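Biologist: I would like a close look at a single part of this model, followed outward into the parts around it. Please go step by step, since I am new to reading structures.

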Amino acid sequence: IFSILNVSSGDEVLDLGCGSGYYSELIKFRGGIPYGVDISANMIKWFKKKGFKGCVGNIENFNLKRKFDAVICGGAFEFLNNPKNAVINVGRHLKKNGNFALLYPRNSFLGFLYKLYHKLHGVNINIFNNKEVHDLFVNSDLKIVHIKKADFFTNALLAIKK
């Protein structure tokens with residue numbers, strides 16, 4: 001995901017679905033200043049123990065009343081009830097020309113297995129084809145720059161705030 005998101009020293013980066021801070025550690029290593037949002041209070045507790053700032057919130061509707069140089073979301077998008085709301089909310093939190101990097105499972109055989117695994121554990125997730133992803137960005141402040149395969153079952157997307 002960092003091959004498409006260029007984090008510079010001093011960049012303020014919003015880490016959506018931050019968990020315990022995997023991507024925020026990489027952001028910090030690259031000189032960025034991470035801020036995390038996660039729906040789990042326990043994850044935010046662990047996140048803050050690592051010295052990061054963050055808060056509990058739903059990616060679809062949180063409001064920090066501030067803008068960031070970049071937003072990253074890796075490993076949370078598929079769990080959302082309304083991913084379109086999340087895309088719109090990302091636009092609200094990005095500075096003009098800010099970048100949004102998204103890692104998401106694509107509609108493939110391995111994506112299907114990933115979805116089946118979660119379904120067997122009582123969790124419904126989304127997997128996305130290219131048209132579905134493009135449709136999420138219609139009527140948003142974000143323009144998709146490119147999408148590329150990240151690994152066997154995920155895509156990495158880069159969008160820019162118009």
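Modeller: The count of disulfides here is zero, where a pair of cysteine sulfur atoms would have to lie within 2.5 Å. Cys 18 is in no disulfide, as the nearest cysteine sulfur belongs to Cys 55 and is 8.4 Å away. Cys 55 is in no disulfide either, and its nearest cysteine sulfur is that of Cys 18, at 8.4 Å. In general, a disulfide is a covalent bond between the sulfur atoms of two cysteines. Cys 18 has a relative accessible area of 5%, and anything under 20% counts as buried, so Cys 18 is buried. Keep in mind throughout that this is a predicted model.

The part I will take is strand β1, residues 12–16. Four of its five residues are buried, which means that the strand is largely enclosed by the rest of the structure. What does β1 pair with? One partner is strand β2, residues 33–38, which runs parallel to β1 and is joined to it by five bridges. Within this pairing, Glu 12 of β1 stands opposite Ile 33 of β2. To get from β1 to β2 the chain passes through helix α1, residues 22–29, and this β-α-β crossover is right-handed. Another partner is strand β4, residues 68–74, which pairs with β1 in the parallel sense over four bridges. There, Leu 16 has Cys 73 of β4 as its bridge partner.

Next comes α1, the helix of that crossover. Which of its residues are buried? Tyr 23, Ser 24 and Ile 27 are. These residues cover an arc of only 100° around the axis, so they sit on the same side of α1. A general rule about helices is useful here: an α-helix has 3.6 residues a turn, so residues three or four places apart point the same way. The face of α1 turned away from the buried side carries exposed residues, namely Tyr 22, Lys 28 and Phe 29. The buried residues of α1 pack against β1, and also against β2, α2 (41–49), β4 and β5 (94–105). Just after α1, Gly 31 takes a positive phi of about 95°.

From β2 the sheet pairing can be followed one step further. Strands β2 and β3 also pair in the parallel sense, over four bridges. Tyr 35 stands opposite Lys 53 in β3. The chain crosses from β2 through α2 to β3, and this β-α-β crossover is right-handed.

After β3 (53–56), the chain enters the loop that leads to β4, and Glu 60 lies in that loop. Is Glu 60 buried or exposed? Its relative accessible area is 13%, and the limit for buried is under 20%, so Glu 60 is buried. Which residues does it touch, leaving aside those up to four places away in sequence? Glu 60 touches Leu 80, Asn 81, Asn 82, Asn 85, Ala 86 and Asn 89. The C-alpha atoms of Glu 60 and Pro 83 are separated by 7.0 Å, although these residues are 23 positions apart along the chain.

Pro 83 leads into helix α3, residues 83–93, where the buried residues are Pro 83, Ala 86, Val 87, Asn 89, Val 90, Gly 91 and His 93. This returns us to the starting strand, as the buried residues of α3 pack against β1, along with β4, β5, α5, β6 (142–149) and β7 (154–161). Helix α5, residues 130–137, contains Lys 131. Lys 131 is exposed, with a relative accessible area of 57%. From Lys 131 to Ala 86 the distance is 17 Å, C-alpha to C-alpha, with their positions 45 residues apart in sequence.

Finally, here is the setting of β1 in the whole chain. The protein chain has five helices and seven strands. From the N terminus on, their order is β-α-β-α-β-β-α-β-α-α-β-β. Buried residues make up 47% of the 162 residues. Of the contacts with a separation of 6 or more, 59% are between residues 24 or more positions apart. The C-alpha trace spans about 40 × 35 × 25 Å along its principal axes. For 162 residues, a compact globule would have a radius of gyration near 15 Å, and the chain has 15 Å, which agrees.

Key. Residues are numbered from 1 along each chain as its sequence is written. This is a predicted model: local features need pLDDT of at least 70, side-chain atom pairs count only at pLDDT 80 or more; totals for chains, interfaces and linings use all residues. Side-chain values use heavy atoms; hydrogens and water are left out. Buried means under 20% relative accessible area, exposed over 50%, partly exposed in between (1.4 Å probe, protein chains only). Helices (H or I, at least four residues) and strands (E, at least two) are DSSP runs, numbered from the N terminus. Two strands pair if DSSP finds at least two bridges between them. A crossover is right-handed if, with the strands pointing away from the viewer, the path from the first strand over the helix to the second runs clockwise. The arc is that of the directions from the helix axis to the C-beta atoms. Contact means heavy atoms within 4.5 Å. The radius of gyration is taken over C-alpha atoms; the globule rule is 2.2 Å times the number of residues to the power 0.38.
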